[in-house]
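Biologist: I am new to this structure and would love a friendly tour. Could you pick a single part, look at it closely, and then show me what surrounds it?

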Amino acid sequence: MKIFQVERTLVSTNRIAEMEHKPLLVVREREGGTPMVAIDPVGCKPGDWVVCVGSSAARDATGVKGFPSDLTIVGIIDHWEG
Amino acid sequence: MNIHQVKQPLVMTRRLEGMGSMPLKVLVGIKGEVTVAMDPVNARLGDWVFTIANSAARTAAGDAKLLTDLTVAGVIDDWRPDNTETANPNT
């Protein structure tokens, strides 16, 4: 797993049906790092430091078995300075 | 999921049966890496899209038997790249 900081919500109206209506967040490993997109089953707000899981675990972490995701937020870190 | 910009469609008439008939797109990542993805949402050239990799890509393509490890999951409504010069041409 890796630590990311939540930047903002990502809006994508034209997307595949399999993604249903799961919220998407733009996350970065550090300031100026490469932005990536994660599914958010936890309910985070911008600025939160979170832990994300990848590969096949990311699919079940969304709450829907076999959901098409390769990066999913699994929790918000209580104390973390980047 | 990673973010890419659609560079061009990819025509590949001689392909394996398992590739199905879904359109393929050449994508350029934020760091400039060039990849090929299956595109079920028919993104246009220059669109910024996010993709799904690994085993989830096959589910995202609609059929687990499809031979893909990268699938376009959706077109981002409004994406402003931080410092890249290849800004989105239609914004």
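Modeller: Let's begin with one pair of residues: A:Gln5 has A:Trp49 as its bridge partner in strand 4 of chain A. Before we go on, please keep in mind that this is a predicted model. Strand 4 of chain A covers residues 49–54, and the strand it meets here is strand 1, residues 2–9. These two strands of chain A run antiparallel to each other and are joined by 4 bridges.

Strand 4 of chain A has another partner, too. It pairs with strand 5, residues 71–76 of chain A, through 5 bridges, again in the antiparallel sense. If you would like a place to rest your eye on that pairing, try A:Val51, whose bridge partner in strand 5 of chain A is A:Gly75. So that you can follow the side chains as you turn the view, here is a general rule: in a regular strand they alternate between the two faces of the sheet.

What comes after strand 4 in chain A? Helix 1 of chain A spans residues 55–61, and A:Ser55 belongs to it. A:Ser55 is worth a pause: its phi is near 45 degrees, which is a positive value in a residue that is not glycine. A:Ser55 counts as partly exposed because its relative accessibility is 42%, and the partly exposed class runs between 20% and 50%.

Now step back to see the whole of chain A. Its elements are 1 helix and 5 strands, and along the sequence they come in the order β-β-β-β-α-β. The radius of gyration of chain A is 12 Å, close to the 12 Å that the globule rule gives for 82 residues, so chain A is as compact as a globular protein of that length. Along its principal axes, the C-alpha trace of chain A spans about 35 × 25 × 20 Å. Buried residues make up 46% of the 82 in chain A. Of the contacts in chain A between residues at least 6 apart in sequence, 51% link residues at least 24 apart. The surface that chain A exposes is about 4300 Å², with 55% of it supplied by carbon and sulfur atoms. As for charge, chain A carries 9 positive and 11 negative side chains, and the centres of these two sets lie 4 Å apart.

With that picture in mind, let's visit strand 4 in chain B. There, strand 4 takes in residues 48–53 and pairs with strand 5 of chain B, antiparallel, over 5 bridges. One landmark in this pairing is B:Phe50, whose bridge partner in strand 5 of chain B is B:Gly74. Why is strand 5 of chain B described as largely enclosed by the rest of the structure? The reason is that 6 of its 6 residues are buried.

After strand 4 in chain B we come to B:Asn54, in the loop between that strand and helix 1 of chain B. The phi of B:Asn54 is near 60 degrees, a positive value in a residue other than glycine. B:Asn54 is partly exposed, at a relative accessible area of 40%.

Follow chain B past helix 1 (56–60) and you enter the loop that leads to strand 5 (70–75), where B:Leu67 sits. B:Leu67 is partly exposed, with a relative accessible area of 39%. Leaving aside residues up to four places away in sequence, B:Leu67 touches B:Leu16, B:Gly18, B:Met19, B:Met38 and B:Arg58.

For a stop elsewhere in chain B, find B:Val28 in strand 2, residues 24–29. B:Val28 has a relative accessible area of 22%, which makes it partly exposed. Beyond residues up to four places away in sequence, its contacts are B:His4, B:Gln5, B:Lys7, B:Glu33 and B:Val34.

Finally, here is chain B as a whole. It holds 1 helix and 5 strands, arranged β-β-β-β-α-β from the N terminus on. Its radius of gyration is 13 Å, which agrees with the value near 12 Å for a compact globule of 91 residues. Of those 91 residues, 45% are buried. The accessible surface of chain B is about 4800 Å², and 54% of that belongs to carbon and sulfur atoms.

Technical notes
Residues are numbered from 1 along each chain as its sequence is written. Chains are lettered from A and ligands numbered from 1 in the order in which they are written. This is a predicted model: local features need pLDDT of at least 70, side-chain atom pairs count only at pLDDT 80 or more; totals for chains, interfaces and linings use all residues. Side-chain values use heavy atoms; hydrogens and water are left out. The radius of gyration is taken over C-alpha atoms; the globule rule is 2.2 Å times the number of residues to the power 0.38. Buried means under 20% relative accessible area, exposed over 50%, partly exposed in between (1.4 Å probe, protein chains only). Contact means heavy atoms within 4.5 Å. Accessible areas come from the Shrake-Rupley method with a 1.4 Å probe; for residues, only the protein chains shown count as cover. Lys and Arg count as positive and Asp and Glu as negative; His and the chain ends are not counted. The place of a charge is taken as NZ of Lys, CZ of Arg, CG of Asp or CD of Glu. Two strands pair if DSSP finds at least two bridges between them.
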